[in-house]
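Good morning, and thank you for joining this group meeting. Please have the sequence and the three-dimensional view open while I speak.

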Amino acid sequence: MNYDKLVNPVVSALPPSGIRRFFDAAASMTDAISLGVGEPDFVTPWAIREAGIYSLESGRTYYTANSGLMELREEIARFNMNKYGVSYSPKDQILVSVGGSEAIDAMIRSVVCPGDEVLIPEPSFVCYKPLTVMAGGVPVTIETKEENDFRLMPEQLAEKITDKTKLLILPYPNNPTGAVMSKADLEAVAEVLKGTDILVLSDEIYGELRYSGEPHIPFSAIDGMYDRTVVVNGFSKAYAMTGWRLGYALGPKEIIKLMTKIHQYGIMSSPTTSQYAAIEALRSCDDDVEDMRREYNYRRRVIVDGFRKMGLSCFEPYGAFYVFPCIKPTGMTSEEFCNRLLEEEKVAVVPGNAFGECGEGFVRCSYAYSIEKIEEALVRIARFVERHK
């Protein structure tokens, strides 16, 4: 059969993720160290695992409501009210999804029509552009710059808005740069949006992992932004629950209703066991989150200092668990640097251009790995850089 004539050409034309390629290559090598994937090396806290086990032992193995267990939605609402002072109705403003990624997809498909423009600050996570394209939208990138601490600047946003602009994607703390947005930064963005009908998808999956300055502030908490914003969050990063595949979306009931339809037909409901585990996470695991955050902060300082000592400038990230060092002094492209580093020193990192063209000249390294692996990786990378200066 000639599959070229049968498959969807839009999907066929999409490039594969630039993250997994180097991780998969490292996994097949002996003694390789991967700093490629953003996955906590911590085991899910015991209280969470125990709650999941108990749910199975109790026979709670059935479908839940499409939107998720009401008990979980109530805990999510309580968490957001207590921590951020933002109120959401568990009944119709919260959707429990299969990871944050499903919520992102459902939100984009709920609002983006063919030809609509979606503003995407870059460097940023790899899924936003492909999901926009698959929905028929037109990705419009906004290049954030190291000189501005990789923040979205209001004047950049204003320049990109047209009469076709439907949605702004606002990911912070940022993957891959670790950049954060202060309240003043968010208010400046909000000022540009006022008077428009532009919606906002605020990807805040790393909101609990901030290391300095102000605490995280949801974009929906900014004056005038509540009614236009869908906040995406989840349990994978802060609670070390990547394999449990559980996220959620908070937003206007009119949009959550549409997202729930997509979820209903494509997924049905999120994993029941994971939902019971997540209830326990929200109720009793604040100390576990703080312990992990404290350890990430230590690793953050080690890896930033390590790159700077080897002569590579490294923007200091204040959120998430990534660094984004500049490798331009080596004279290599990001792809060449990563390929040769893996071949010569058996260390896997991700080329910066996987996160947008403006990421060229940088690489992403995750510090969600043990300090032993990070320190050994830094020794190998320093040796590689010295050899190729």
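I shall go through the sheets, then the helix packing, and finally the aromatic rings.

Please keep in mind that this is a predicted model.

Let me begin with the seven-stranded sheet. It is an open sheet with the strand order 2-8-7-6-5-3-4, and its pairing is mixed. At the edges stand strand 2, residues 94-97, and strand 4, residues 138-143; each has a single partner strand, so one side of each is left without a neighbour in the sheet. From one strand to the next, the twist averages 20°.

I take the edge at strand 2 first. Strand 2 and strand 8 run antiparallel and are joined by four bridges. Within that pairing, V96 has Y248 of strand 8 as its bridge partner. As a general point, side chains in a regular strand alternate between the two faces of the sheet. In strand 2, I94 and V96 lie on one side, L95 and S97 lie on the other, and all of these are buried. Both faces of this strand are therefore covered.

Which helix packs on the sheet here, touching strand 2 and strand 8? The answer is helix 4, residues 70-84. The direction of helix 4 makes about 115° with that of strand 2.

At the other edge, strand 4 runs parallel to strand 3, residues 117-122, and six bridges join the two. One of the pairs to look for is L119 with its bridge partner V140 in strand 4.

Moving inwards, strand 3 also pairs with strand 5, in the parallel sense and over three bridges. There, E117 stands opposite T165 in strand 5. Strand 5 pairs in turn with strand 6, residues 199-203, again in the parallel sense, over five bridges. I169 has L201 as its bridge partner in strand 6.

Why do I describe strand 5 as largely enclosed by the rest of the structure? Strand 5 spans residues 165-171, and six of its seven residues are buried, so the description follows from that count.

There is a further open sheet, made of three strands in the order 9-12-11, with antiparallel pairing. Its edge strands are strand 9, residues 322-323, and strand 11, residues 350-351, each pairing on one side only. Strand 11 is joined by two bridges to strand 12, residues 363-366, and these two run antiparallel. P351 has V363 as its bridge partner in strand 12.

I now turn to the helices. Two packed helices are described by the angle between their axes and the distance between the axes. For helix 3 and helix 10, residues 272-284, the angle is about 145° and the axes are 8 Å apart. The crossing of helix 3 past helix 10 is right-handed. On the helix 3 side, the contact is made by A47, I48, A51, G52, S55 and L56. On the helix 10 side, it is made by T273, Y276, A277, E280, A281 and S284.

One of those residues, Y276, has a further partner: R60 lies over the face of its ring, at 4.6 Å from the ring centre.

A long-range contact involves S110, which lies in helix 5, residues 99-111. Is S110 buried or exposed? With a relative accessible area of 15%, it falls under the 20% cut-off, so S110 is buried. Its C-alpha atom is separated by 5.9 Å from that of M259, although the two residues are 149 apart along the chain. Leaving aside neighbours within four places in sequence, S110 is in contact with I255, L258, M259 and I262.

Finally, the aromatic rings. The count of aromatic pairs comes to 15. One of them is F42 with Y296: the ring centres are 5.4 Å apart and the planes stand at 75°, so the pair is edge-to-face. This pair links distant parts of the chain, 254 residues apart. F42 is in the loop between strand 1, residues 33-34, and helix 3, residues 46-57, whereas Y296 is in helix 11, residues 286-309.

The two rings' residues also have separate burial classes. F42 is partly exposed, with a relative accessible area of 24%, while Y296 counts as buried at 0%. Ring pairs further link F42, Y206, Y296, F321 and Y322 into a cluster.

That concludes the presentation, and I welcome your comments.

Notes
Residues numbered from 1 in each chain as written. Predicted model: local features only at pLDDT ≥ 70, side-chain atom pairs only at ≥ 80, totals over all residues. Heavy atoms only, no water. Phe/Tyr/Trp six-rings, centres within 6.5 Å; stacked < 30°, edge-to-face > 60°. Buried < 20%, exposed > 50% of the residue type's maximum accessible area, 1.4 Å probe, protein only. Lys NZ or Arg CZ within 6 Å of the ring centre and 35° of its normal. Pairing = 2+ DSSP bridges. Axes fitted to C-alpha atoms, helices over the stretch in contact; angles between N-to-C directions. Contact = heavy atoms within 4.5 Å. Left-handed = near helix turned anticlockwise from the far one by under 90°.
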